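Open the model in your viewer and set it to a cartoon view with side chains hidden. The tour below gives one selection at a time and says what is found there.

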Amino acid sequence: MITAGIDIGTKDTCVVVTDDGRIIDYLILEDLRDFEIIRFLKDYNPIAIGCGFGYGLPIKKLSETNERDILCLALSFDREILGVRRFVMELKKYFGKICYTIPSVKLLPTVPIHRKFNRIDMGTSDKVCSTALAMDKIGKIYEKMNFILVEGGFGFNSFIAVKNGKIVDGLGGSAGFISFSSSGALDLEIVSLIKEYSKNLIFNGGLKSFLNCDIENIPDYALKWLFEYILKGIKVMEAVVGSNYDIVVSGRIFDIYWKDFEEFIGRNVFRLKSIKSSAEGASLIANGIAGGNYAKLVKQLELDKAEGKIFDYIAEDLRKLFKYSIDC
C-alpha cells in the first residue's frame, strides 16, 4: 500500500512516500511556489496522503474542507493567499479525495480539557505525526509506552507527553521555551510593548538573534543554553508522565547535536532516525486511515476521535480582543 506524508517546516518542506511503512522515495524543497511536490506525488499515485502540517483538523479529506478550514489549518488570515494556504489549495485541487488532515495535539480526546485552557499551540499536526513514528520505532507494546518526544527544529522546540501509549499533553514551539530561531512564549510585558505583533514575529527572537552563527556551528557555550531550555521543556512534561519515561528526540538540532545533548543531560535518549520524522509519520498515519497495517496505531492515538476547534477553551475576555472574527 503506497501512501505519502507531507510536512511543511520552517526551513523546508518534505514529502515522504512509503510502501507499507517502508520509505521508497522522498523530496525536500525550500520553496513551495513551483508545486514540484504535486508532480512528484503524481508519479507515485499514492492511495492516501497525510497532511502533517499546521494546526490540523479532525481527520477529513481535503475535498471536504472549506475556506474557513484551510484558514484555520494554517492559522494565517492575511488577505493574500500565500505559503501554506496556497499550497493546500493546490493539494486539494489535485488530490483532495485522498489527502487527509491530521489533528494537532489540542484536538485529541486523550488530552484533558484543563490542559487546553488558553492554549492553541500544544503541538502542531507534524508533532503528532512524529509521535506516531516514535511509537512505531520504539518497538514496545503501545500501551506500555511512556515517553517525552522532543522536536528540536530550526524554528521551534516542541515537547509531547505520551503516557500509556496516549498523547496526554504538549508544549508547542510558539508556546514553550526559546529555540534557535523562535523566541517561544514571550513575557506578556514584552508583548504589551510591541507596536504590532504579526505572524512573522513568531519565527524570530530566538538564540539566532543573539548569536552570529548558523545552526550547524552553534558555539559550545550557546549550545549549553539551548540544551538548558530543552531540559526545562522536558521537566514541564514530566509533571504529567511521571518520573519513569524515555526521552525521544528528532529534528535538525538533534541531527547535529544529539550526542552532545546526551552528555549534557547525563542519560541515553532514543533518536528518531528519519529523512523527516514528521513526514514519515504522516505517511504511516495515511496508511492507517486507509485501513492498512498502521490502522491500529491510528486507533491507539485516537486520531479518529479528534474533535473541536483550536480556539476552544480560550477565556472569553481574551477571545473578544482577537483581531480576527473567524472562529477556528
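The stops run from the whole chain to a sheet, a hairpin, a short helix and a group of aromatic rings.

**Whole chain**

Keep everything selected for now, and bear in mind that this is a predicted model. The cartoon should show ten helices and ten strands. The radius of gyration is 19 Å, close to the 20 Å that the globule rule gives for 328 residues, so the protein is as compact as a globular protein of that length. Along the principal axes, the C-alpha trace spans about 50 × 45 × 40 Å.

Switch to a surface. The protein exposes about 15300 Å², and carbon and sulfur atoms supply 49% of that area. Of the 328 residues, 51% count as buried. Among contacts with a separation of 6 or more, 65% are between residues 24 or more positions apart.

**The five-stranded sheet**

Return to the cartoon and colour strands β6 to β10. They make up an open sheet with mixed pairing, in the order β8-β7-β6-β9-β10. Which strands stand at the edges? They are β8 and β10 (270–271), each with a single partner strand, so one side of each is left without a neighbour in the sheet.

Select residues 147–152, which are strand β6. Six bridges join β6 to β7, and the two strands run antiparallel. Show side chains for one facing pair: Ile 148 stands opposite Ala 161 in β7.

**The β7–β8 hairpin**

Next select residues 157–163, strand β7, together with β8. These two strands are also antiparallel, with five bridges between them. Val 162 in this region stands opposite Ile 167 in β8. Two residues lie between the strands of the hairpin. Asn 164 takes a positive phi near 55° there.

Now keep β8 alone, residues 166–171. Is this strand enclosed or open to the outside? Five of its six residues are buried, so β8 is largely enclosed by the rest of the structure. This holds although β8 is at an edge of the sheet, with a single partner strand.

**Helix α2**

Select residues 67–74, helix α2. The helix is mostly covered, with six of its eight residues buried. Those six are Asp 69, Ile 70, Leu 71, Cys 72, Leu 73 and Ala 74.

Add the residues at either end. Asn 66 caps the N-terminal end of α2, with a side-chain oxygen 3.1 Å from the backbone nitrogen of Arg 68. Just after the helix, Leu 75 takes a positive phi of about 50°.

**The aromatic rings**

Show Phe, Tyr and Trp side chains throughout. How many aromatic pairs does a search of the whole structure find? It finds nine. Zoom in on one of them, Phe 227 and Phe 261: the ring centres are 5.2 Å apart and the planes are at 65°, so the pair is edge-to-face. Phe 227 belongs to helix α6 (residues 220–241) and Phe 261 to helix α7 (residues 252–265), so the pair ties together parts that are 34 residues apart in sequence.

Both rings can be checked against the surface. Phe 227 is buried, with a relative accessible area of 3%, and Phe 261 is buried at 0%.

For the last selection, add Phe 254 and Phe 264 to the pair. Together, Phe 227, Phe 254, Phe 261 and Phe 264 form one aromatic cluster.

Technical notes
Residues numbered from 1 in each chain as written. Predicted model: local features only at pLDDT ≥ 70, side-chain atom pairs only at ≥ 80, totals over all residues. Heavy atoms only, no water. Buried < 20%, exposed > 50% of the residue type's maximum accessible area, 1.4 Å probe, protein only. Helix = DSSP H or I, 4+ residues; strand = E, 2+ residues; numbered from the N terminus. Pairing = 2+ DSSP bridges. Polar contact = N/O pair within 3.5 Å; in protein donor to acceptor, adjacent residues only side chain to side chain. Rg over C-alpha atoms; globule rule 2.2 N^0.38 Å. Contact = heavy atoms within 4.5 Å. Areas by Shrake-Rupley, 256 points an atom, 1.4 Å probe, with all protein chains shown as cover. Phe/Tyr/Trp six-rings, centres within 6.5 Å; stacked < 30°, edge-to-face > 60°.
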